[in-house]
Amino acid sequence: MAPASPTPTGSIYYASFDNHPILISRLRYNLKCFWQQTDIVNIMSKKSERTRQKIIEAANRLFYHKGYHSTSFTDVVNASGVPRGNIYYYYKSKEDILAAALSYRISRIDHMLQAWTGQYRTPIERLNRFLEILPDSIESLVRYGCPMGTLNAELGKNEPELQAKAKAMFLLFEDWLTDQFAELGYAGRAREFARRLLSRGQGVSMITHVYQDKRFLMQETDLLARWVNKLARGEEQDI
């Protein structure tokens, strides 16, 4: 009988693992190390994401409450509880933090609008839900104004490139509102109505903030609701 072919040099091939307990032990050890390293990477990745989120959420609040220009790196450090060096690891400048905060806001707006589209069956229900933003945010609007409007106004004076990014928040709402008015039967004027509703909402937010007048906000919200509901009944008219 011919002798069995030798195992190729450098190969770890064996005819049967049962006869090689050392190899089995090594394989088990290597697998254990692999999964431990994978767990460590996953844990570090999740921790890194949590740190980023803390920075972004803190900066987002500061940019709204204090304004972009009045917010310093030290403010972000103190509000987030993340050491300065760690913040610099993720974001090299305040502009980088703003870009991340804008992406965060835009993502939240997009998810909210998608949720409304799925939750409410008719366009008039969705439009009325949109109008509820004003009374739902009344305390913040009185104290700080509209988070989208104030940031766009601030950036538009000297940072047109940054303002162009902030404008994306308005565009999301405009496109979504346009879809609602088109579905309501006003395809030819849908974008006009969308911008009209946005502009009135911004005006209401500004006057509410300037005059600290909650009653004005509620009255104007009711007026806007009557307008969109008349449109839904086919009673087209200007606000």
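I started with Arg233, which is exposed at 54% relative accessibility. The model I am reading is predicted. I then looked for a partner of Arg233 and found a salt bridge to Glu235, with the closest N and O atoms 3.3 Å apart. Glu235 has 37% relative accessibility, and I noted this residue as partly exposed.

Next I checked for salt bridges that share partners. Glu174, Asp175, Arg191 and Arg195 are joined into one network in this way.

I searched the whole structure and got 13 salt bridges. Among them is the pair Glu183 and Arg126, whose closest N and O atoms lie 3.0 Å apart. I looked up where the two residues sit: Glu183 is in helix H9 (residues 160–183) and Arg126 in helix H5 (residues 123–131), so this salt bridge ties together parts that are 57 residues apart in sequence.

I also looked up the accessibility of both partners. Arg126 is buried, at 7% relative accessible area, because the cut-off for buried is under 20%. Glu183 comes out at 49% and is partly exposed; I did not enter Glu183 as exposed because that label needs over 50%.

Last, I turned to helix H10 (residues 190–211), which holds both Arg196 and Glu192. They form a salt bridge, and I recorded 2.6 Å between the closest N and O atoms. The two residues are four apart in the helix, so about one helical turn separates them. For Glu192 I noted a relative accessible area of 35%, which is partly exposed.

Note on methods. Residues are numbered from 1 along each chain as its sequence is written. This is a predicted model: local features need pLDDT of at least 70, side-chain atom pairs count only at pLDDT 80 or more; totals for chains, interfaces and linings use all residues. Side-chain values use heavy atoms; hydrogens and water are left out. A salt bridge is a side-chain nitrogen of Lys or Arg within 4 Å of a carboxyl oxygen of Asp or Glu. Buried means under 20% relative accessible area, exposed over 50%, partly exposed in between (1.4 Å probe, protein chains only).
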